[in-house]
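Welcome, and please open the model in your viewer. We will go from one selection to the next.

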Amino acid sequence: MSIASVEIDRLTEARDLPPVLLTVEEAARCLRIGRTTCYALIRAGELESLTIGGLRRVPADAPAAYLARRRAEQQAA
């Protein structure tokens with residue numbers, strides 16, 4: 001097996017892994033909201049995000065956590 005085929009195998013495996021971070025647009029699609037609304041949730045601290053370099057990213061589990069908090073708030077009301 002050559003070094004090139006090992007590298008190709010690693011890249012193929014990496015593509016099969018679920019994403020750890022989402023773009024804001026991907027997070028917005030997960031939540032079925034607009035990009036602007038998603039940025040508003042991030043600014044308000046309701047949706048977790050982080051900056052890597054100059055890029056804003058949302059942890060893959062953050063949309064589900066946001067929904068769980070919203071559901072709990074609505075059930076408590």
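Start by selecting β2 and β3 (residues 55-59): these strands run antiparallel and are joined by three bridges. Strands here are DSSP E runs of at least two residues, helices are H or I runs of at least four, and both are numbered from the N terminus; two strands count as paired if DSSP finds at least two bridges between them. This is a predicted model, in which local features need pLDDT of at least 70 and side-chain atom pairs count only at pLDDT 80 or more, while totals for chains, interfaces and linings use all residues. Residues are numbered from 1 along each chain as its sequence is written, and side-chain values use heavy atoms, leaving out hydrogens and water.

Zoom in on isoleucine 52, whose bridge partner in β3 is leucine 55.

Now add β1 to see the open sheet of three strands, ordered β1-β3-β2 with antiparallel pairing. β1 (21-23) and β2 (50-52) are at the edges with a single partner strand each, so one side of each has no neighbour in the sheet. From one strand to the next, the twist averages 50°, with axes fitted to C-alpha atoms and angles running from 0 to 180 degrees between N-to-C directions (for helices, over the stretch in contact).

Next, select helix α2 (residues 24-31), which packs on the sheet and touches β1 and β3; contact means heavy atoms within 4.5 Å. The direction of α2 makes about 90° with that of β1.

Finally, show alanine 62: leaving aside residues up to four places away in sequence, alanine 62 touches Leu47 and Glu48.
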